Amino acid sequence: MAEEQAQPVQPKLSVISQYIRDLSFENIAMQKALNVEGTPDVQVQVALDAAKKGDALYEVVNKVKVESKSKAGETVFVLELDYAGLFKVENVPDEQLHPFLMIECPRMIFPYLRRIVGDITRDGGFPPLNLDSIDFLALYRGEIERRKAMMEAENSEKPVS
């Protein structure tokens, strides 16, 4: 019995559901009758959000904005997708919960988001866009560094009394 108590409790993560929270696709090229030649430039922006929804329940949202521009600089299409997962997270210490939610949870639902983006762009009249893999750990670290630099800049601007 003492051996059972000595073993650390493993974190447990369950996906309760995943869903499109918000979706917008604008085929601007067709609306303006643009003649798009060549391969358009595609820019992808990614943001993450997490919120507690109940006892050990968290909603984590991958927010993706894709903007495609022609070689002439005209917008071809814009896709905005908020893809969410509802997760049950157990046995994760409080100090590790934020990185766990912002790294592991988005990683689990990203393949489904990628498929939706491919389907929407294809159904919108373009070749399917296959998003590259996202390093959520690097994204998380970058956001932490950005916030740290912002706080340092704010502190350096305050007058010393």
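In which strand is the place of V15? In this predicted model, V15 belongs to strand 1, and with a relative accessibility of 36% this residue counts as partly exposed. The C-alpha atom of V15 is separated by 6.9 Å from that of G85, although the two residues stand 70 residues apart along the chain.

The chain as a whole contains four helices and four strands, and these elements follow the pattern α-β-α-β-β-β-α-α when read along the sequence. Of its 161 residues, 30% count as buried.

Strand 1, which spans residues 12-27, also contains N27. The relative accessible area of N27 is 15%, and because this value is under the 20% limit, the residue is classed as buried. A polar atom of the N27 side chain lies 2.7 Å from the backbone oxygen of G124. A second buried residue with a polar side-chain partner is E59, placed in strand 3 (residues 57-69), for which the relative accessible area is 8%. The side chain of E59 makes a polar contact, at 3.0 Å, with the side chain of R21.

Aromatic side chains were examined next. The structure holds four aromatic pairs, among them the pair of F77 and F126, whose ring centres are 4.9 Å apart and whose planes meet at 40 degrees, so that this pair is described as tilted. The pair links distant parts of the chain, since F77 is in strand 4 (residues 75-90), whereas F126 is in the loop between helix 3 (94-123) and helix 4 (136-157), 49 residues apart. Both F77 and F126 are buried, and together with F25 these two residues form one aromatic cluster. Another of the pairs, formed by F110 and F136, is edge-to-face, with 5.9 Å from centre to centre and 70 degrees between the planes. Here too distant parts of the chain are linked, F110 being in helix 3 and F136 in helix 4, with their positions 26 residues apart in the numbering. Both F110 and F136 are buried.

Helix 4 itself consists of 22 residues and reaches 32 Å from its first C-alpha to its last, which is close to the 32 Å expected at 1.5 Å a residue. At the start of this helix, a side-chain oxygen of D135 comes to within 3.2 Å of the backbone nitrogen of L137.

Helix 4 also contributes to the largest pocket, for which a volume of about 200 Å³ was computed. The lining of this pocket is made up of V46, A47, L48, H98, M102, L139, Y140, E143, I144 and R147. Strand 2 (41-54), helix 3 and helix 4 are the elements that give two or more residues to this lining, and the largest share, five residues, comes from helix 4. In terms of residue character, the lining of the largest pocket divides into seven nonpolar residues, one polar residue and two charged residues.

Two residues were notable for their backbone angles. Most residues other than glycine have a negative phi. A56, which is not a glycine, nevertheless has a positive phi of about 65 degrees, and it lies in the loop between strand 2 and strand 3. With a relative accessibility of 17%, A56 counts as buried, because the limit for that class is under 20%. N91 likewise is a residue other than glycine with a positive phi, in this case near 65 degrees, and its position is in the loop between strand 4 and helix 3. In contrast to the buried A56, N91 counts as partly exposed, at 43% relative accessibility.

Definitions and conventions:
Residues are numbered from 1 along each chain as its sequence is written. This is a predicted model: local features need pLDDT of at least 70, side-chain atom pairs count only at pLDDT 80 or more; totals for chains, interfaces and linings use all residues. Side-chain values use heavy atoms; hydrogens and water are left out. Rings of Phe, Tyr and Trp (its six-membered ring) pair if their centres lie within 6.5 Å; planes under 30 degrees apart count as stacked, over 60 as edge-to-face and the rest as tilted. Buried means under 20% relative accessible area, exposed over 50%, partly exposed in between (1.4 Å probe, protein chains only). The expected span of a helix is 1.5 Å times one less than its number of residues. A polar contact is a pair of N or O atoms within 3.5 Å; within protein, one must be able to donate a hydrogen and the other to accept it, and residues adjacent in sequence count only if both atoms are side-chain atoms. On a 1 Å grid over the protein atoms alone, a cavity is a set of points where a 1.4 Å probe fits but cannot get out, and a pocket is an open set with protein on both sides within 12 Å along at least five of seven lines; lining residues have an atom within 4 Å of a point. Grid points are joined across faces, edges and corners, and a volume is the space filled by probe spheres set on the points. Ala, Val, Leu, Ile, Met, Phe, Trp, Tyr, Cys and Pro count as nonpolar, Asp, Glu, Lys and Arg as charged, and the others, Gly among them, as polar.
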